Amino acid sequence: MTISTGVQAVAEGKYGRTDEAIWYMDRIAQTFNRVSPGSMSEMMPDYGCFTIAWTSYGIVLPLIEHVFGIRPDAGNKTIVFEPHLPAGWENISIEDLPVGANLISFSRARSEKGVIYDIESRENGWKLILRDKLSPNARYFLNGRPIDLSSSEIHMEGKKNRVLITSEH
């Protein structure tokens, strides 16, 4: 069943095994359009009910919480971003993700300058935190200004923020 495969995908993500989580997510995605257009099967490979909420659980949860690393605390107006990209992935993006009464957008892209994170919040008053592994040879910029990091967290406020991480050679 896709629910048990989804539970395994979520568990792999929670234990930091991104590539394995993606493997399970792919197994679920392979059931897409097999029984009914535009849906995934409840039971694999191609039977059961065609509209079951838990079918998407094994794709949505590991993708949002682990790959994108989005951990909202809407009550405290705080969102932590700590992405874990699978092997071979450099660029990710999500737009207009509901968090409480807010909508957020998040992207990560590798460019010739380095790694760029764009984080947007439709509402003011939210604390946005980007967690990244500290690299001793990296330089960090927040909204075009250099910043010194004493921890692996970059704290941001406002509606639009850009973090650039460059490597010095």
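**Close-up 1. Strands E4 and E5 of the predicted model, paired as a hairpin.** In E5, Ile116 serves as the bridge partner of Ala109, and the model in which this pairing appears is a predicted one. Beside this pair, Arg108 stands opposite Tyr117 in E5. Both pairs belong to the contact between strand E4, which covers residues 102–110, and strand E5, and these two strands pair in the antiparallel sense over 7 bridges. The two strands form a hairpin with 4 residues between them, and in the turn Gly114 has a positive phi of about 145°. Strand E5 itself, residues 115–121, is mostly covered, since 5 of its 7 residues are buried.

**Close-up 2. Strand E5 and its pairing with strand E10.** What joins E5 to strand E10, and in which sense do the two strands run? There are 6 bridges between E5 and E10, the latter made of residues 160–167, and the two strands run antiparallel. Tyr117, the residue that stands opposite Arg108 of the hairpin, also stands opposite Val163 in E10. Another pair to find in this view is Glu120, which stands opposite Lys160 in E10.

**Close-up 3. The open sheet of 6 strands.** Strands of a sheet pair through backbone hydrogen bonds, and they may do so in a parallel or an antiparallel way. Here the sheet is open, its 6 strands follow the order E3-E4-E5-E10-E7-E8, and the pairing is antiparallel. At the edges stand strand E3 (92–99) and strand E8 (145–147), and because each of them has a single partner strand, one side of each is left without a neighbour in the sheet. From one strand to the next, the twist averages 20°. Within this order, strand E7, made of residues 138–142, pairs with E10 in the antiparallel sense over 5 bridges, and one of the pairs to look for is Arg139 with its bridge partner in E10, Thr166.

**Close-up 4. The surroundings of Ile165.** Ile165 lies in strand E10. Is this residue buried or exposed? With a relative accessibility of 11%, Ile165 counts as buried, because the cut-off for a buried residue is under 20% relative accessible area. When residues up to four places away in sequence are not counted, Ile165 touches Lys113, Gly114, Val115, Tyr117, Asp132, Ala138, Arg139 and Tyr140. Gly114, named in this list, is also the residue in the turn of the E4 and E5 hairpin that has a positive phi. As a guide to scale, the C-alpha atoms of Ile165 and Gly144 are 11 Å apart in space, while the two residues are 21 residues apart in sequence.

**Close-up 5. The open sheet of 4 strands.** This open sheet has 4 strands in the order E1-E2-E6-E9, and its pairing is mixed. Its edges are formed by strand E1 (70–73) and strand E9 (153–156), each with a single partner strand, so one side of each has no neighbour in the sheet. On average, and with direction ignored, neighbouring strands of this sheet are turned by 15° against each other. Strand E6, residues 127–131, is joined to E9 by 4 bridges, and these two strands run antiparallel; across this pairing, Ile129 stands opposite His155 in E9.

**Close-up 6. Helices H1 and H2.** Two packed helices are described by the angle between their axes and by the distance between those axes. Helix H1 covers residues 2–14 and helix H2 covers residues 18–29, and their axes come within 8 Å and cross at roughly 160°. H1 and H2 are therefore roughly antiparallel to each other, because angles over 145 degrees count as roughly antiparallel. H1 passes H2 in a left-handed crossing. From H1, the residues Thr2, Thr5, Gly6, Gln8, Ala9, Glu12 and Gly13 meet Glu20, Ala21, Tyr24, Met25, Arg27 and Ile28 in H2. Sorted by class, this contact has 5 nonpolar, 5 polar and 3 charged residues. Ile3 also lies in helix H1, and with a relative accessible area of 27% Ile3 is partly exposed. The C-alpha atoms of Ile3 and Ile116 are separated by 35 Å, and along the chain these residues are 113 residues apart.

How values were computed:
Residues are numbered from 1 along each chain as its sequence is written. This is a predicted model: local features need pLDDT of at least 70, side-chain atom pairs count only at pLDDT 80 or more; totals for chains, interfaces and linings use all residues. Side-chain values use heavy atoms; hydrogens and water are left out. Axes are lines fitted to C-alpha atoms, for helices over the stretch in contact, and angles run from 0 to 180 degrees between N-to-C directions. Angles under 35 degrees count as roughly parallel, over 145 as roughly antiparallel, 65 to 115 as roughly perpendicular and the rest as oblique. A crossing is left-handed if the near helix is turned anticlockwise from the far one by less than a right angle, and right-handed if clockwise. Contact means heavy atoms within 4.5 Å. Ala, Val, Leu, Ile, Met, Phe, Trp, Tyr, Cys and Pro count as nonpolar, Asp, Glu, Lys and Arg as charged, and the others, Gly among them, as polar. Two strands pair if DSSP finds at least two bridges between them. Buried means under 20% relative accessible area, exposed over 50%, partly exposed in between (1.4 Å probe, protein chains only).
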